[in-house]
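Notebook open, coffee poured. I want to look up the pockets and cavities here, and then how some of the helices pack.

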Amino acid sequence: MQHQPNLIDGQWINADDGTTLEVTDPATDQTIATVPSVGQAETRRAIDAAHRAFEPWAARPAAERGRLIARLAELMHRDADRLAGIMTAEQGKPLGEAKGEIAYAASFLEWAAGEAPRMYGESIPSSSSEKRILVLRQPVGVCAIITPWNFPAAMITRKIGPALAAGCTAVIKPAELTPLSALAIGELALEAGLPPGTVNILTGKARVIGEAFFDDQRVRKLSFTGSTPVGQQLMRQASGNLLRLSMELGGHAPFIVFDDADLDRAVAGAVACKFRNAGQTCICANRFYVQSGIYEKFMQRFNAAVANLKVGRGTQEGVHVGPLINDAAIDKVREHVQDARDKGASVPVGGEKVTIQGLADRFWKPTVVDGMTPEMLCANEETFGPVAPVARFEHDREAIDAANNSPYGLASYFYTSNATRLMRTAEALHYGIVGANDAVPSTAQAPFGGVKHSGFGREGGKYVMDEYTSLKYVSWGLV
Ligand code: SIN
């Protein structure tokens with residue numbers, strides 16, 4: 001079995017007390033590797049390294065920083081098969097999706113590499129002829145980066161790409177369930193020539209590493225992707241040192257199909273949006289609202305498409321839906337489906353676990369719940385699994401009100417062929433991301449992020465550079 005140490009200051013290290021964590025394959029429950037479970041002392045050393053590396057890194061010409069970030073992206077493409085294999089083994093997603101994630105992860109680095117030389121400041125006309133006003137855009141400093149298990153590579157590069165481009169350095173704490181992808185990116189960061197200390201990677205207990213982050217004034221920024229309750233807790237802790245924050249938190253995405261939707265595209269979009277990563281995506285459609293005039297036709301096609309999805313181990317050819325990440329995920333899915341049944345919904349497709357010989361008891365049949373009502377759990381909470389609850393509506397306003405009736409505001413989707421309805425609906429939805437006839441909106445060029453309980457801050461596009469820079473005003477008196 002492989003043991004993969006942590007990365008501090010360009011060196012591979014173990015926990016001071018030798019403690020380790022086991023990494024398991026969710027498809028088999030077998031331990032595939034161990035990683036260190038580091039404590040506060042190692043975390044402080046990683047912050048020391050990131051702090052030492054910060055000024056020389058920030059002082060390098062931006063184009064040079066960009067070239068090194070681009071080199072890391074090239075190495076990820078070169079090793080895409082190997083990285084995808086690691087991801088499928090620790091996270092479970094089908095290999096094809098894992099490869100897609102590696103390309104997606106590299107695209108954030110490519111985008112950030114291009115943004116590095118575009119960190120423009122400004123000069124502002126002064127009211128005095130004796131003064132000049134300059135605005136410099138400067139890196140915030142050492143960034144603590146905490147990432148989730150559902151996208152073990154892309155959520156890291158989406159953060160370190162712009163952080164490094166801006167001139168920041170990073171200490172990354174990947175999810176305990178999926179540390180291997182992060183550490184593999186760390187190896188490539190060294191090979192790419194990123195200086196020691198610019199990228200540090202620590203594995204272990206979130207509480208222990210987090211406390212060391214929050215105790216240290218040299219850490220100036222926290223970027224977190226994960227659940228809303230954890231994000232709220234981190235915000236409270238981050239208030240001590242007034243850290244800059246980016247919070248990409250939970251979602252509860254509505255997916256509306258209007259009567260005039262292109263049925264083929266709406267069905268294909270609904271399947272892709274709901275079932276990628278086995279429904280374990282913050283921007284997954286979580287509840288569907290389908291208008292009366294198209295309801296029967298949509299359900300017939302949607303049910304057939306969902307019934308055709310193949311469930312199995314991610315390494316197996318032709319599999320669309322892999323295992324869920326752990327037993328708690330299965331329990332939540334079961335609870336949501338049972339609750340919907342108890343409250344009167346029917347389950348035309350799926351609705352139960354799939355037993356696959358020789359594999360862990362962690363596969364759930366892609367499921368359609370017909371007749372979702374507002375009091376059901378699935379109408380109110382993120383299921384984070386392969387369950388598609390559907391409700392019928394009559395008037396546009398009904399669907400928009402239902403879609404907006406949520407504390408979350410990350411992604412939302414709708415399908416219509418009418419341009420006026422498209423614009424009005426896009427404007428009316430209280431979400432950071434709107435997929436209008438598009439179920440897969442994520443891309444490196446666009447600002448990804450939510451409103452309300454889905455957090456704040458934007459990742460991607462030119463906007464992401466704001467997250468890792470602060471403005472410095474220089475008032476220049478001419479002598
Ligand atoms: C997420 O689940 O937070 C990421 C989804 C994406 O980037 O498309």
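**Pockets first**

I started with the largest pocket: 37 residues line it, and Trp 149, Phe 224, Gly 226, Ser 227 and Val 230 sit nearest its centre. Note to self: this is a predicted model, and every value I jot down is computed from it.

How much space lies in the largest pocket? I get about 870 Å³.

Next I looked up where the lining comes from. Helix H7 (206-215), strand E11 (219-225), helix H8 (228-238) and helix H11 (327-342) each give the largest pocket at least two lining residues. H8 has the largest share, with 6 residues. By class I noted 18 nonpolar, 12 polar and 7 charged residues in that lining.

**Second largest pocket**

Here I find about 270 Å³ of space. The lining of this second largest pocket has 14 residues, and those nearest its centre are Tyr 289, Thr 373, Pro 374, Ala 391 and Ala 402.

Which elements each supply at least two residues of this lining? I wrote down two strands and two helices by name: E14 (285-291) and E19 (387-393), then H12 (377-380) and H13 (396-404). The classes for the second largest pocket come out as 8 nonpolar, 3 polar and 3 charged.

**Cavities**

How many cavities of 30 Å³ or more does a search of the whole structure find? It finds 5. I only followed up the largest cavity, where about 110 Å³ of space lies.

Its lining has 15 residues, with Phe 151, Met 155, Arg 158, Thr 281 and Phe 448 nearest the centre of this largest cavity. I split the lining by class and got 8 nonpolar, 4 polar and 3 charged residues.

**H2 against H5**

On to the helices. To describe two packed helices, I need the angle between their axes and the distance between the axes.

For helix H2 (residues 62-78) and helix H5 (residues 154-166), the axes come within 8 Å and the crossing angle is roughly 155°. Over 145 degrees counts as roughly antiparallel, so I logged H2 and H5 as roughly antiparallel to each other. Their crossing is right-handed.

Who makes the contact? From H2 I listed Arg 65, Ile 69, Leu 72 and Met 76, and from H5 Thr 157, Ile 160, Gly 161, Leu 164, Ala 165 and Ala 166. The residues in this contact of H2 with H5 divide into 7 nonpolar, 2 polar and 1 charged.

**H2 against H4**

H2 also packs with helix H4 (residues 95-115): their axes come within 8 Å and cross at roughly 165°. H2 and H4 are therefore roughly antiparallel to each other as well. Left-handed or right-handed for the crossing of H2 and H4? Left-handed, I noted.

On the H2 side I have Gly 66, Ile 69, Ala 70, Leu 72, Ala 73, Met 76 and His 77, and they meet Ile 102, Ala 103, Ala 105, Ala 106, Leu 109, Glu 110 and Ala 113 in H4. By class, this contact of H2 with H4 has 11 nonpolar, 2 polar and 1 charged residues. Going back over my lists, I found Ile 69, Leu 72 and Met 76 of H2 in the contact with H5 and again in the contact with H4.

**H3 against H6**

Last pair for today. Helix H3 (residues 80-91) and helix H6 (residues 179-192) have axes that come within 8 Å and cross at roughly 160°. That makes H3 and H6 roughly antiparallel to each other, and their crossing is right-handed.

H3 brings Arg 82, Leu 83, Ile 86, Met 87 and Glu 90 to the contact, while H6 brings Pro 179, Leu 180, Ser 181, Ala 184, Glu 187 and Leu 188. I count this contact of H3 with H6 by class as 7 nonpolar, 1 polar and 3 charged residues.

Terms used: Residues are numbered from 1 along each chain as its sequence is written. This is a predicted model: local features need pLDDT of at least 70, side-chain atom pairs count only at pLDDT 80 or more; totals for chains, interfaces and linings use all residues. Side-chain values use heavy atoms; hydrogens and water are left out. Axes are lines fitted to C-alpha atoms, for helices over the stretch in contact, and angles run from 0 to 180 degrees between N-to-C directions. Helices (H or I, at least four residues) and strands (E, at least two) are DSSP runs, numbered from the N terminus. Angles under 35 degrees count as roughly parallel, over 145 as roughly antiparallel, 65 to 115 as roughly perpendicular and the rest as oblique. A crossing is left-handed if the near helix is turned anticlockwise from the far one by less than a right angle, and right-handed if clockwise. Contact means heavy atoms within 4.5 Å. Ala, Val, Leu, Ile, Met, Phe, Trp, Tyr, Cys and Pro count as nonpolar, Asp, Glu, Lys and Arg as charged, and the others, Gly among them, as polar. On a 1 Å grid over the protein atoms alone, a cavity is a set of points where a 1.4 Å probe fits but cannot get out, and a pocket is an open set with protein on both sides within 12 Å along at least five of seven lines; lining residues have an atom within 4 Å of a point. Grid points are joined across faces, edges and corners, and a volume is the space filled by probe spheres set on the points.
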